[in-house]
Amino acid sequence: MSSPWARFRGERRKVEMSKRETGNKKGAAVALPGDFLSSPEEFLAGQNAYEQGDSVRASLPGRVERDLSKREVAVRPVVVARTLKVGDVVVGQVEAAMTSTAGVKIRYLNGVETLASFPGTISTRAERAGRGERRTYVKLGDVVRARVVSTLNGMNMLSIDEPHLGVVAAMCSVCGAVLVRGDGRARCDQCGNVEERKFADDFGTADIRP
């Protein structure tokens, strides 16, 4: 099954980083600063990589990417963070959606991919604007941008109660196509289904990377 992050960009490509050679001793897809990536004869040093003697090495921690057409090896930055802080902005995918909460697997921390796979919880009850109002704020599979508002007792509590926070990409609950925004709701151009969410102000236009 293709990554939903890739599908949100309209692409059904898999990002199989584990199959990409890095040249380091472990053969991992993630390189640390100074790790050997290749020889200059095999690949030139691309972004976040440098040539040193008879080797090309990583200049920062990240995922190794090889461009065969340019014959370049590059490193895409990642965050190797151990904890989240109040005020951090995260992007993740909703993995569980209940009546008043939603569980999120965090993929990006302050705009940079993180390897930590932090869990987070959105309290949708706290997002309600009016008494007795029932709304669908997020659904299973949605990609959301949120702010960390509490880390008490190891629980990463998230809020989407800002214009730039909320759902940035979503898929149709009926046919699975990518939803587009229209008239304050999301619509599906494939089957005509209309759904509501708490949208970020750039819903449908954010660059969701796999």
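This passage describes the salt bridges of a predicted model and one of its sheets.

Side chains of opposite charge can pair when their charged atoms come close. In this structure, 10 salt bridges are found, and three of these pairs are described here together with the burial of their residues. The pair formed by Arg 76 and Glu 113 has its closest N and O atoms 2.9 Å apart. This salt bridge links distant parts of the chain, since Arg 76 belongs to strand β7 (residues 72–79) and Glu 113 to strand β10 (residues 112–114), with the two positions 37 residues apart in the numbering. Arg 76 and Glu 113 are both buried.

A second pair brings together the side chains of Arg 145 and Asp 202, with an N to O distance of 3.0 Å. Arg 145 is part of strand β12 (residues 143–150), whereas Asp 202 lies in the segment after β17 (194–195), so that this salt bridge ties together parts of the chain that are 57 residues apart in sequence. Arg 145 has a relative accessible area of 12% and is therefore buried, and Asp 202 likewise counts as buried because its relative accessibility is 15%. Beyond individual pairs, salt bridges that share partners join Arg 63, Glu 65, Arg 76 and Glu 113 into one network.

The side chains of Lys 85 and Asp 88 also meet in a salt bridge, at 3.7 Å from N to O. The two partners stand in opposite surroundings with respect to the surface: Lys 85 counts as exposed because its relative accessibility is 52%, where the cut-off is over 50%, while Asp 88 is buried, its relative accessible area being 6%.

Turning to the sheet, strands of a sheet pair through backbone hydrogen bonds, either parallel or antiparallel. Here, an open sheet is formed by three strands in the order β2-β5-β4, and the pairing is antiparallel. The edges are occupied by β2 (36–38) and β4 (49–52), each of which has a single partner strand, so one side of each is left without a neighbour in the sheet. From one strand to the next, the twist averages 45°. Strand β4 and strand β5 (residues 55–58) run antiparallel and are joined by four bridges; within this pairing, Tyr 50 stands opposite Arg 57 in β5.

Notes: Residues numbered from 1 in each chain as written. Predicted model: local features only at pLDDT ≥ 70, side-chain atom pairs only at ≥ 80, totals over all residues. Heavy atoms only, no water. Salt bridge = Lys/Arg side-chain N within 4 Å of Asp/Glu carboxyl O. Buried < 20%, exposed > 50% of the residue type's maximum accessible area, 1.4 Å probe, protein only. Pairing = 2+ DSSP bridges. Axes fitted to C-alpha atoms, helices over the stretch in contact; angles between N-to-C directions.
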